[in-house]
Amino acid sequence: MGCCCSKTKEDKEQDNELNKRDLRTSGSKGKESVKNAKTNGGANQIDKLGPKVNTTLAFESVKVHEKQEILDSLDDNPNDTTAMANYSIILAKEGKMKEAQDLLTKAIEIDKENSRVWQCYAELYERQNNITKAQEIYNQGYKFASPKIALGDDDSNLMLNYAISLQKSKNYDKAEKLYKRAVTSGPGNPETAGRYGSFLLEIREDIDRASQYLKQAADFTPPHRGWCEYYAKFLKDYEKNDQESTKYQKRATLYVASPSTD
């Protein structure tokens, strides 16, 4: 006589189906958390690409009032490709796009391994909404930067902004490859960690990994106002941690932005 607790074939099949459902449910918890946060207003508060001002953009780093200083550098060394790249930004901001392009072409002929020159060149086309051409240039520059074991600031910035461009074009797999390279081999900065964190949150819907990189971005010293505020919103909307959110909102106030003259 069989045990009264033994299960019939039908019972076992039902248990198997329930187990499968449990696995599907547990595997989707991260995505469900993101969905809930968006439903509750998280998506309305957090920009998919992070703070609007990207401090690693070449065009953000050069101000018009620096024009004479850059020209003096070129007088001292006419083949200084970094100074040439910086001056191309001044020319572009003055509306002299053709002169800026010619100068960058000349700089690349002098030094093909200068990542800042490639980044300036790609950004020049991004500002003209020619994304296809910009990504062609990013890719050319990436070929010279990618063999390096340890990335410098300019190499890292080139890869980061190429990744952002690819993300906007929905080329997510290649974008993630570049984000990973920038955060693991670069010198480290809040922009790189933060942009990768926001990518993981919005595109991969991976809250755990996103939290790791967003916290890293918010913990840099000196504090970066944009990423502190972003992480504070993340804590409030996705992790429901009001206490930590308030802490990072206060940390954001420690940042004092320099006035722009552009």
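Helices (DSSP runs of H or I, at least four residues) and strands (runs of E, at least two) are numbered from the N terminus. This is a predicted model, in which local features need pLDDT of at least 70 and side-chain atom pairs count only at pLDDT 80 or more, while totals for chains, interfaces and linings use all residues. Residues are numbered from 1 along each chain as its sequence is written, and side-chain values use heavy atoms, with hydrogens and water left out.

**Figure 1. Overview of the protein, with 15 helices and zero strands.** Of its 262 residues, 42% count as buried. Here buried means under 20% relative accessible area, exposed means over 50%, and partly exposed lies in between (1.4 Å probe, protein chains only). The protein exposes about 14600 Å², and carbon and sulfur atoms supply 48% of this area. Accessible areas come from the Shrake-Rupley method with a 1.4 Å probe; for residues, only the protein chains shown count as cover. A contact is a pair with heavy atoms within 4.5 Å. Taking contacts between residues at least 6 apart in sequence, 60% join residues at least 24 apart.

**Figure 2. A patch of negative charge on the surface.** The patch gathers Glu 69, Asp 72, Asp 75 and Asp 76. Patches are made of residues with over 30% relative accessible area and no salt bridge; like charges are joined within 9 Å, and nonpolar side chains (Val, Leu, Ile, Met, Phe, Trp, Tyr) within 5 Å. Asp and Glu count as negative, Lys and Arg as positive, and His and the chain ends are not counted. The place of a charge is taken as CG of Asp, CD of Glu, NZ of Lys or CZ of Arg. Asp 75 belongs to helix H5, which covers residues 67-76. Asp 75 counts as exposed because its relative accessibility is 62%.

**Figure 3. Backbone at Lys 170, Glu 205 and Pro 222.** Lys 170 is not a glycine, yet its phi is positive, near 65°. Lys 170 sits in the loop between helix H10 (153-168) and helix H11 (172-185), and at 62% relative accessibility it counts as exposed. Glu 205, also not a glycine, has a positive phi of about 55°. The loop that holds Glu 205 runs between helix H12 (190-202) and H13. With 22% relative accessibility, Glu 205 counts as partly exposed. The peptide bond from Thr 221 to Pro 222 is cis, with omega near 0°. Pro 222 lies in the loop between helix H13 (207-218) and helix H14 (225-237).

**Figure 4. Three of the salt bridges.** Side chains of opposite charge can pair when their charged atoms come close. A salt bridge is a side-chain nitrogen of Lys or Arg within 4 Å of a carboxyl oxygen of Asp or Glu, and the structure holds 13 of them. In one of these, Asp 155 pairs with Lys 148, with the closest N and O atoms 3.0 Å apart. Asp 155 counts as buried, at 7% relative accessibility, whereas Lys 148 is partly exposed, at 27%. Arg 195 and Glu 191 form another, with 2.6 Å between the closest N and O atoms. Both residues lie in helix H12, four residues apart, which is about one turn of the helix. Arg 195 and Glu 191 are both buried. Lys 215 and Asp 219 also meet through their side chains in a salt bridge (2.6 Å, N to O). Lys 215 is partly exposed, with a relative accessible area of 35%, and Asp 219 is partly exposed too, at 33% relative accessibility.

**Figure 5. A salt-bridge network that includes Glu 176.** Salt bridges with shared partners join Asp 173, Glu 176, Arg 204, Asp 206 and Arg 209 into one network. Glu 176 lies in helix H11 and is buried, with a relative accessible area of 8%. Beyond its neighbours within four places in sequence, Glu 176 is in contact with Tyr 196, Phe 199, Leu 200, Arg 204 and Arg 209. Leu 160 is 16 residues away from Glu 176 along the chain, and their C-alpha atoms are separated by 9.8 Å.

**Figure 6. Surroundings of Ser 211 in helix H13.** Ser 211 counts as buried because its relative accessible area is 12%. Not counting residues up to four places away in sequence, Ser 211 touches Tyr 231, Phe 234 and Glu 239.
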